Each structure stands twice: as structure tokens, then as C-alpha cells.
Amino acid sequence: MTEWWNNLKAWLSIFWAHADAVPIRIKIMGMVAGTAFLVGGWSIFQVNEVMKQEAERQCHDMSIALASELAVRAQEYVLLNDLLGLTQLLKNAVKNLPDLRYAFVLDNHGEVIAHSFEGGFPLDLLKVEHGISPAVESLAIKTNEGQVWDAVIPILKGEGGLLRAGVSERRSETARLSLLNALMLTTIVVAGLGILFSGLLTWLLTRPLKELVNFTRMLKTRDFSARVTRITDDEIGQLAAAFNEMAAQLEMAERVRQDADAMRSGFLQKVILAQEEERKRIACELHDQTAQSLAFLMLELRILEQAQDQAAINASIGRLRQALTQELNSIRNMAMELRPLVLDDMGVSAAIESYVRRFEEGYGMKIDLYLDGFDGIHLPFYVEIALYRIVQEAMLNVVRHAAASNVTVIIERIENEIRGVVEDNGRGFDVSSLAATHRFGIYGMKERAQLLGGSLSVESEPGQGTMVSFVIPIRQVFAEDARLP
Ligand SMILES: Nc1ncnc2c1ncn2[C@@H]1O[C@H](COP(=O)(O)OP(=O)(O)OP(=O)(O)O)[C@@H](O)[C@H]1O
Ligand SMILES: [Mg+2]
């Protein structure tokens, strides 16, 4: 039993493995054709059985009825011993009744005294064993012409012998066969129509599905411009619409990603370029300013060496001191621009304060500075430098683009977050046109904030001033670095 079950399971799994790979159209058409043939076959079988039984019953009854009728009519010939008339009666009956195949009369000794056969009596018929006479009965016998119902009827209650008549099933057999043929033809036509319609239906169903499959293949190759043609308005049509929506979103996301990539690589180039520019500037500064000053100092020292009197010495020392002070200041400024040491020494709030104050002096601009929450703490280095550079860029933008009379800088640490705002009352600008400018100042500020897990936004409108605001989390990103009180 278990072996049988295991074999069945193995066969089923092989069948499913093959059936799985068959296209839907063939599966549906196969199912429809299979069902039509199954139903048709079953109907044919049923009809055949019923008709067979009915034909047998009819032939049985008919054979008895015809034989009884003939037996009655044969009585007078038997009584008159008119064997010729009797033979004529039997032959006429067979001739006129299409179902009646033969008829014959046996005398009381079992001898055939009259029959309807033209070419001699077939003796085999006498071997058919009926019940004990004078019973009325009919038996089915097999002949070379098919089944024949052989009925036996006693004449004159058995006194005048027996009449036997054979009714052939041929006619009802022919009718049965032609009905079966018609049924078979109907089954084939129904199956054919079923295959045709199911093929049409699956074609209608699978055509958009095929298109969807092709569409997803195109998506796989990152061709997001592909769209599915919406053929119908049914569920498949809705699916196509949903796919199209998804493709549109993917296309937009792809465009945003490509723009961001382009922006990022532009930014990188700019950073590298800026580094080189900075090096060039320092080299020029060292060459033009520092080297010149040192040459001047050498010259001044030579003058000092050759000075004859105290007054000349004093004048030379004065010039030397002045030149040294100038040079010292210029080196200090250079160092400051490169990297504010105060950032390392006193922390970011002091560095921002000193930067803002120098700005105020340098550009004669009124700046309201508000710093809070930084007392006695050192933030992680990355946060400090990012904060400083963001403020620096925002302030430089104010100077370069805003033509503002008033600037407000607010930076505060609230628990584990730094929130900052740099606002000016300058000419403002259209923020939506920012992407098209391919400038990197604001982009760089945003990148710095995002790198630390924060965010930065710029709000502005022409004539309405500009506000740069940002949030940088401290603990989330640099929880271990942070040295909070
Ligand atoms: N405070 C401001 N007031 C008015 N316009 C501004 C302000 N800040 C920025 N903008 C406008 O936004 C543009 C982009 O600024 P962004 O800082 O990105 O580039 P940039 O300053 O022009 O060049 P850089 O890449 O050297 O910083 C500026 O060109 C300017 O038109
Ligand atoms: Mg800028």
C-alpha cells in the first residue's frame, strides 16, 4: 500500500514538474478539450448502454408479439394441414415485417413443417434450447447477422405444434450506431469549439500578461522609460496601469539618482580643484608675500650692520619691527584661514564667535550672534569642523550674494542635537532654481549635515532674505566620541 502510494506521489510530482513548464494557453486548452471529451465519452457510454437495453427489451417484446400473431393466424392452416398456405403465410410475414428475420412451424414431433427460408432451413436453429413447451418465451441468439430474438409460441395450446419467429436487432442496432455517431460528432465539434474559444480567451488573457513579462524584463535592464499599453479596462488593465505608475516612479527616482550622482562627482571635482587652488594660493602667498618680506628683512639687517650712528640703527630697528609685525599678522591670517586653531584650543563656539567678529570688522556688517549650550563641552571633531564650515559658507554667501544689512546667527545645543540658523535680510533668491545653477556651496553644506545624520534646508524668496537652518544629531552618530558634560 505504501509502495503504491509512493509510486503515485512520484508520478504526480513528475507530472507537475512537466505541467508547470507548459504555457498557460496549452494548459487551459488541454483542460477544456479534456473535459469535453470526458463528458462526451461518458454520455456516449451511458446512451449506448441505455439504448442497448432498450433495444433488447423491444426486440424481446416484439418477437413474442409477432410470433403470437403468426401463431394465431397459423392455426387454421395447421388445422387444414395446408402446409403450402402456411409456408406462404410465414414468407409473406417475413417479407412485410422488416424486423422479422424468419418464422417456422414445428409439429409435435419437433419436425419443421413450414418455414420462411428461401434456400433451405438452417438446422442450427433447432439446437436453440427453449424451456419446456408450451411455454411462451423469447431468447437472444447470436447469428452471423447480429443478435436475433427467437420467440416460441405454442399453436392451439401446443396441440398444433410450435411457432418460432426471429426478430433481428439489426434495425435498432443501426439506429443506435447512427445516434452514437451523431453523439461522437457532437463531442468532437464541442471539443473543437471549446479549444477554439479557450484558445481565444487565453490569447486575450495572456497577451497583456506577455506584455507585462516583457515590460518587467525591460525594467530589469534599467530601462525605466518602458510602458505597458493598457489594452483592457479589467483587472489586467488595472495591473498594467499600476505597473506604468511604478515605472514612472522608478524613472523619476532614477533621474534623481543620476542628478545626485552628477552633483556628487561635480562636488568632488570642485573639492579637488579647491584643494589645488588653496595650495596655489599658499605658494603664491609664500612666494610673493613671505619671501619678499624675508628679503626685505635681509636687506634691512644689512643696512643695520652698516649703520654708523644710533639714529640710523634705531630707524632700521623700527622698520624691522614694523616689517616683522606685518609678516607675523599675514602668516597668522593665512593659518587662520587654513584652519582655525581656536577650534582645537577653545572649541567650536569660540571659533565661530571669532570668525563672526572678524567678519563684522572686515565687511562692516551687523551680525547678531547667539550661541548656547556649548559651555565646557568639546564636541566630536567631525561635528565641530562641519559646524564651522557650514557657518563659514552661509556667511560667505551672505557677503557674496545677499547685499544684506543685518545677519542673525543662532546656534544652540539642545540635549543631543545642534540646531542652527543663519538668516539675512538681503535680496534673497529663487530656491527652486538652485539645482540648475550647478553651484556647490549649498550642496556642500547639505552634504556635510547629511553625512552626520542631520539635515540642512535653505528657505528664500527674491526680496525676502534667506534663511539657512540645520540640525545635526550628536549622540546618534558619534555617541562614543562625544564628550558631553
Ligand atoms: N544668502 C543668499 N542671498 C542671496 N542669494 C543667495 C544666498 N545664498 C545663496 N544664494 C544664491 O544661491 C546660489 C548658490 O549658492 P552656492 O553657495 O551653492 O553657490 P555659490 O555661492 O554661487 O558658489 P560656491 O560654489 O563658490 O559657493 C548663489 O549663486 C546665489 O545666487
Ligand atoms: Mg557659496
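This report walks through the domains, three helix pairs and the ligand shell of a predicted model.

Local features here need pLDDT of at least 70 and side-chain atom pairs count only at pLDDT 80 or more, while totals for chains, interfaces and linings use all residues. Residues are numbered from 1 along each chain as its sequence is written, and chains are lettered from A and ligands numbered from 1 in the order in which they are written.

Let's start with the overall layout. The protein chain is assigned domain 1 (24-184) and domain 2 (347-478), with bounds that come from an automatic or database domain assignment. Their C-alpha centres lie 115 Å apart.

Now for the helices, which are DSSP runs (H or I, at least four residues) numbered from the N terminus. The table lists how three pairs pack, using axes fitted to C-alpha atoms over the stretch in contact and angles from 0 to 180 degrees between N-to-C directions.

| Pair | Axis separation | Angle |
|---|---|---|
| α2 (24-80) and α3 (83-96) | within 9 Å | roughly 160° |
| α5 (235-305) and α6 (310-338) | 10 Å | about 165° |
| α9 and α11 | within 10 Å | roughly 160° |

What about the first pair listed? Its angle makes α2 roughly antiparallel to α3, a label for angles over 145 degrees. α2 passes α3 in a right-handed crossing; that is, the near helix is turned clockwise from the far one by less than a right angle, and anticlockwise would make it left-handed. In α2, Leu-70, Arg-73, Ala-74, Tyr-77 and Val-78 meet Gly-85, Leu-86, Leu-89 and Ala-93 of α3. Contact means C-beta atoms, placed from the backbone, within 7 Å. Sorted by class, this contact has 7 nonpolar, 1 polar and 1 charged residues. Here Ala, Val, Leu, Ile, Met, Phe, Trp, Tyr, Cys and Pro count as nonpolar, Asp, Glu, Lys and Arg as charged, and the others, Gly among them, as polar.

On to α5 and α6, which pack at about 165°. That angle makes α5 roughly antiparallel to α6, and α5 passes α6 in a left-handed crossing. Residues making the contact include Ile-282, Phe-296 and Leu-304 of α5, along with Ile-313, Leu-320 and Met-334 of α6. The class split is 10 nonpolar, 5 polar and 4 charged.

α9 and α11 are roughly antiparallel to each other too, and α9 passes α11 in a left-handed crossing. Among the contact residues are Arg-389, Glu-393 and Asn-397 of α9, and Gly-441, Met-445 and Arg-448 of α11. This contact divides into 5 nonpolar, 3 polar and 3 charged residues.

Which residues are closest to ligand 1? They are Asn-397, His-401, Ala-402, Arg-439 and Gly-441, out of 16 that surround the ligand, each with its C-beta atom, placed from the backbone, within 6 Å. α9 (381-402) and α11 (441-451) each supply at least two residues of that shell, and α9 gives the largest share, 5 residues. By class, the shell has 5 nonpolar, 7 polar and 4 charged residues.

How values were computed: Parallel < 35°, antiparallel > 145°, perpendicular 65-115°, else oblique. Contact = placed C-beta atoms within 7 Å.
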